[in-house]
Amino acid sequence: MRCFLILTLVFSVNLSAQTRWQPAQLIKWSSANENYRNAYFKAAYDGYIDLLSEIKDNPEIYLAAGKSAHQIRLFSEASFLFSRARQVSTKSFPELDLWEGKALFGEGQLDSAIQLLQRAQPQLKGEDLDDAGLWLSYAKNARNEKSKPQAVSLRPLEVLNTDGVESSVFLSLDENTLFFTSARIENTGKDMDEEHGIYFQDIWMSRRDSLTRIWKEPEPLPGKVNTPEHDACLGLSPQGDMLFVYKSEKGGDIFYSRCDKKGNWREPKAMGGDINTSYFESSACLSADAKTMYLISEREKRGAKGNGDIWMLKKEKRTEYGSATNLGAPVNTVYDENSVSIHPDGKTMFFSSNRPESMGGYDIFVTRREGNTWLPPQNLGYPINTEGDEVYFSLSVDGNTGWVSSRRKESLGESYDIYEIDLSNYVLPIDRNSAAKRPTVCLLQGKILDKSNAMALETELRLTDAAGKVVQTIETSENGEFRVSIPGDQSFTLLASPKGYQPQSEPILIQSVAGKTQSLTKVFLMVPQP
């Protein structure tokens, strides 16, 4: 750190010797640079602005302040600072066009941004040249997508949102309970993470009113999950009784918490197997049959493409999975993939990425597995995606409603908010030119009880097809409940055989209805063995 400080001071003197900086000013410059290098952009911005109150005509400070302003989404301030750098400069700054173009992009001035970024490219090299190309792609994509908006409508879920960060939204399979992460003043420790400038995160939940279908006031997740540190929801099991939880241990790891019979969530335990590494892990989801886990990890081994990638693991035990396999191209790129979710059809995957096909920053993309191959991911388009960041997308069973965490201009506090999306007139891009009919998905739910005393039984059920082949094993929750998605218009048999009870089976056939989620409820009253 001392060497860095000395180099920074020397660099500062060489760049700005004509200003005759005072020692205290050099220290301020060094401190602001160090904050920027460590991604403490708000602290860096404040430091540069403080320095500009003393040294008014230095283009390097204006440029540095503008870059910091851009990083904290103060786009108008950034544009002003870049224009001042241009006014007071006696020489050309090749990166000035790049950063001013990025600021204009943030303000929504796409044509001007494209013009500046195109002008910047011949002047740049290395990472700056790559950055200019990436942002030029963003700007062109944004202009193109906004010229042909999709037939969707979005509304912020005001009952959930604050001027803090609301993210990682997940819904139970019946879509009556919503889990999300929030950094708000009412957190468990009532404390703020000073390094990142946000309140510590907790997991919250909201239930939908059965009559009005309106989301109720959220409440902190009951139980022992939330702590005074950061706690975030990364995923929800199809059964709805197990949450995947982020805890900032070993660089960020995935834990799990199970819901007990009283509705309280137990203290999280670390996932076993090849899930957690010394690298950053975030976001996890299970396939409809709970046999496959998909997660985001920045691990560098076994085919990693770079930054965050999507990995797949096969189930070995109830909470343990085997070796992680990188999904590879075309799903993963050298850019950042994150916030992955699988639709209840078991084949359609949504994730966010800042790849060149984005409209700017993170966008939601969709892909589908056909056999052992994943289709090339496609952008969901505007206005689901914007020039801001979109992460954590969930799609209803019937495909008519979506939920996304998005940071857009109208968001409270210009931070991430949760939006509900009407998709009743929308067709996924991977379905628009496909002759294949998208599989219908229905909801099978129920409960296993002891007939003599109505005591809930925790057990495993087997779903078999017409040929008697087991197509899915279903684990009930502690209170004997089960809830799974199955294909519609197909005949199955559901077998329950808790230890010590006489086996029972029920025929299963759910007739699908276009545009509507059909459900079937089965209650097994188990008779003890004689």
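Which residue is the bridge partner of Phe-179 in E6? In this predicted model, the partner is Met-205. The pair belongs to the contact between strand E3 (residues 177–183) and E6, which run antiparallel and are joined by six bridges.

These two strands form part of an open sheet of four strands, whose order is E2-E3-E6-E7 and whose pairing is antiparallel. Strand E2 (165–171) and strand E7 (219–220) stand at the edges, and each has a single partner strand, so one side of each is left without a neighbour in the sheet. In general, the strands of a sheet pair through backbone hydrogen bonds, in either a parallel or an antiparallel sense.

Strand E6 comprises residues 202–207 and pairs with E7 in the antiparallel sense over two bridges. One of the bridge pairs links Trp-204 to Pro-220 in E7; another links Met-205 to Glu-219 in E7. Met-205 thus has a bridge partner in E7, Glu-219, as well as being the bridge partner of Phe-179. Strand E6 is also mostly covered, with five of its six residues buried.

Attention now turns to the nonpolar cores. As a general tendency, nonpolar side chains in soluble globular proteins are buried together. In this model the largest nonpolar core has 44 residues, and Tyr-48, Ile-61 and Phe-105 are those with the most contacts inside it. Several helices each supply at least two residues of this core: helix H2 (23–37), helix H3 (41–52), helix H4 (59–71), helix H5 (75–88), helix H6 (94–106), helix H7 (110–120) and helix H8 (126–146). The largest share, seven residues, comes from H8. Apart from this core lies another, of 37 residues, which includes Val-225, Leu-243, Trp-265 and Tyr-321.

Phe-105 offers a closer view of the surroundings. Not counting residues up to four places away in sequence, Phe-105 touches Leu-110, Ala-113, Trp-135, Tyr-138, Ala-139, Ala-142, Met-359, Gly-360 and Glu-387.

A charged residue provides the last stop. Asp-260 is found in the loop between strand E10 (253–258) and strand E11 (269–270). What is the nearest side chain of opposite charge to Asp-260? It is that of Arg-266, 5.0 Å away, and Asp-260, although buried, has no salt bridge. A salt bridge requires a side-chain nitrogen of Lys or Arg within 4 Å of a carboxyl oxygen of Asp or Glu. Arg-266 is nevertheless in contact with Asp-260, as is Glu-478, when neighbours within four places in sequence are left aside. The side chain of Asp-260 also reaches the backbone nitrogen of Lys-262, at 2.9 Å.

Terms used
Residues are numbered from 1 along each chain as its sequence is written. This is a predicted model: local features need pLDDT of at least 70, side-chain atom pairs count only at pLDDT 80 or more; totals for chains, interfaces and linings use all residues. Side-chain values use heavy atoms; hydrogens and water are left out. Two strands pair if DSSP finds at least two bridges between them. Buried means under 20% relative accessible area, exposed over 50%, partly exposed in between (1.4 Å probe, protein chains only). Lys and Arg count as positive and Asp and Glu as negative; His and the chain ends are not counted. A polar contact is a pair of N or O atoms within 3.5 Å; within protein, one must be able to donate a hydrogen and the other to accept it, and residues adjacent in sequence count only if both atoms are side-chain atoms. Contact means heavy atoms within 4.5 Å. A nonpolar core is a set of buried Ala, Val, Leu, Ile, Met, Phe, Trp, Tyr and Cys residues joined through side-chain atoms within 4.5 Å.
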